[in-house]
Amino acid sequence: MYPILLNPQGRLAFVTVPTSTITFAWRGLSWGRPYMVAGIPLHLSVNFPDEVTDGKNLLVRLSQKDGERYATIAFRFDGLSATLMETEVGGDPDPWGRTHVEDSVAAIVVDERARNALLAEVFEEIRHPTNFKNDRYSIDRLFSFTWHEITLIEFLGRYVLLASEC
């Protein structure tokens with residue numbers, strides 16, 4: 001599975017490419033293993049909205065494994081860079097007063113290396129998919145009925161497919 005960026009819409013998805021044909025797309029993933037931010041293990045999930053709103057086409061969600069606290073970090077990915085657009089922290093506050101989610105988001109906002117590590121994880125090629133959200137759909141729903149040229153680009157050492165309307 002690879003991430004794919006559709007131009008000119010700017011929409012993102014994960015697609016399966018078993019050999020040479022794109023078969024299915026997912027608009028979201030959820031990692032089963034914890035993701036470490038500033039030494040804190042958090043649950044990581046990603047959502048690619050159906051509609052690009054205010055330029056946001058990548059939503060990363062970090063949440064506590066044992067709590068309801070979460071943070072959503074919105075990015076605009078254009079194939080060359082990923083611009084941090086906004087962050088939002090929500091959910092029930094931790095009853096013990098811990099601020100794991102807030103500390104993690106602060107680390108990502110101020111530290112470019114932490115932000116790039118997170119994005120590299122999000123754009124990692126997935127060979128044996130597990131723990132996916134159940135939102136797979138056919139490729140017809142992702143692509144319009146026009147021809148697309150597919151190009152392989154690299155971002156933070158990860159491969160991303162770029163689909164441009166011809």
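**Strand pairing**

I began with β7 and β8, which run antiparallel and are joined by six bridges. The model I am reading is a predicted one. Strand β8 spans residues 70-77, and I noted Ala 71 there as the bridge partner of Leu 62.

Next I looked at the pairing of β7 with β6. Strand β6 covers residues 40-47, β7 covers residues 58-63, and five bridges join the two in an antiparallel arrangement. Who stands opposite Leu 62 of β7 here? I found Leu 44. So that I remember it when I look at side chains: in a regular strand they alternate between the two faces of the sheet.

**The chain as a whole**

I then stepped back to the overall numbers. I counted three helices and twelve strands in the protein chain. The chain has 166 residues, and 45% of them count as buried. For contacts between residues at least 6 apart in sequence, I noted that 49% join residues at least 24 apart. The accessible surface comes to about 9,000 Å², with 50% of it belonging to carbon and sulfur atoms.

**Cores**

Which residues have the most contacts inside the largest nonpolar core? My list reads Leu 58, Val 60, Leu 62, Ile 73 and Phe 77, in a core of 35 residues. Apart from this core lies another, of ten residues, and I wrote down Ile 4, Ala 25, Phe 143 and Leu 161 as being among them. A reminder to myself: nonpolar side chains tend to be buried together in soluble globular proteins.

I picked Ile 73 for a closer look. With neighbours within four places in sequence left aside, Ile 73 touches Leu 58, Leu 59, Val 60 and Leu 62, among others. Its other contacts include Leu 84, Glu 86 and Thr 87, along with Val 105, Ile 108 and Leu 118.

**Helix α1**

Two of those contacts sent me to α1, residues 100-110, where Val 105 and Ile 108 are buried together with Val 101, Ser 104 and Ala 107. Why do I say that these line one face of the helix? Seen down the axis of α1, the buried residues fall within an arc of 155°, so one face holds them. I also checked what covers them: the cover includes the strands β5 (35-37), β6, β7, β8 and β9 (82-90), as well as α2 (112-122).

**Aromatic pairs**

I found four aromatic pairs in the structure. Phe 14 and Phe 48 make a tilted one, because their ring centres are 5.0 Å apart and their planes meet at 40°. Phe 14 sits in β2 (residues 11-15) and Phe 48 in the loop between β6 and β7, so this pair ties together parts 34 residues apart in sequence. Buried or exposed? Both Phe 14 and Phe 48 are buried.

Phe 77 and Phe 123 gave me another tilted pair, at 4.7 Å centre to centre and 40° between the planes. This pair links distant parts of the chain: Phe 77 is in β8 and Phe 123 in the loop between α2 and β10 (136-138), 46 residues apart. I have Phe 77 and Phe 123 both down as buried. Which residue joins Phe 77 and Phe 123 in a cluster linked by ring pairs? I noted Phe 155.

**Around Leu 80**

I followed Phe 155 to Leu 80, since their C-alpha atoms are separated by 6.8 Å although the two are 75 residues apart along the chain. Leu 80 lies in the loop between β8 and β9. I put Leu 80 down as exposed because its relative accessibility is 76%, over the 50% cut-off.

**Backbone oddments**

My last check was for backbone angles off the usual pattern. Most peptide bonds are trans, and most residues other than glycine have a negative phi. The peptide bond from Asn 7 to Pro 8 is cis, with omega near 15°, and Pro 8 lies in the loop between β1 (2-7) and β2.

Asp 54 has a positive phi, near 55°. I located Asp 54 in the loop between β6 and β7, and with 62% relative accessibility it counts as exposed.

Leu 156 also has a positive phi, near 55°. Leu 156 is in the loop between β11 (148-155) and β12 (158-165), and I entered it as partly exposed, at 33% relative accessibility.

Terms used. Residues are numbered from 1 along each chain as its sequence is written. This is a predicted model: local features need pLDDT of at least 70, side-chain atom pairs count only at pLDDT 80 or more; totals for chains, interfaces and linings use all residues. Side-chain values use heavy atoms; hydrogens and water are left out. Helices (H or I, at least four residues) and strands (E, at least two) are DSSP runs, numbered from the N terminus. Buried means under 20% relative accessible area, exposed over 50%, partly exposed in between (1.4 Å probe, protein chains only). Contact means heavy atoms within 4.5 Å. Accessible areas come from the Shrake-Rupley method with a 1.4 Å probe; for residues, only the protein chains shown count as cover. A nonpolar core is a set of buried Ala, Val, Leu, Ile, Met, Phe, Trp, Tyr and Cys residues joined through side-chain atoms within 4.5 Å. Two strands pair if DSSP finds at least two bridges between them. The arc is that of the directions from the helix axis to the C-beta atoms. Rings of Phe, Tyr and Trp (its six-membered ring) pair if their centres lie within 6.5 Å; planes under 30 degrees apart count as stacked, over 60 as edge-to-face and the rest as tilted.
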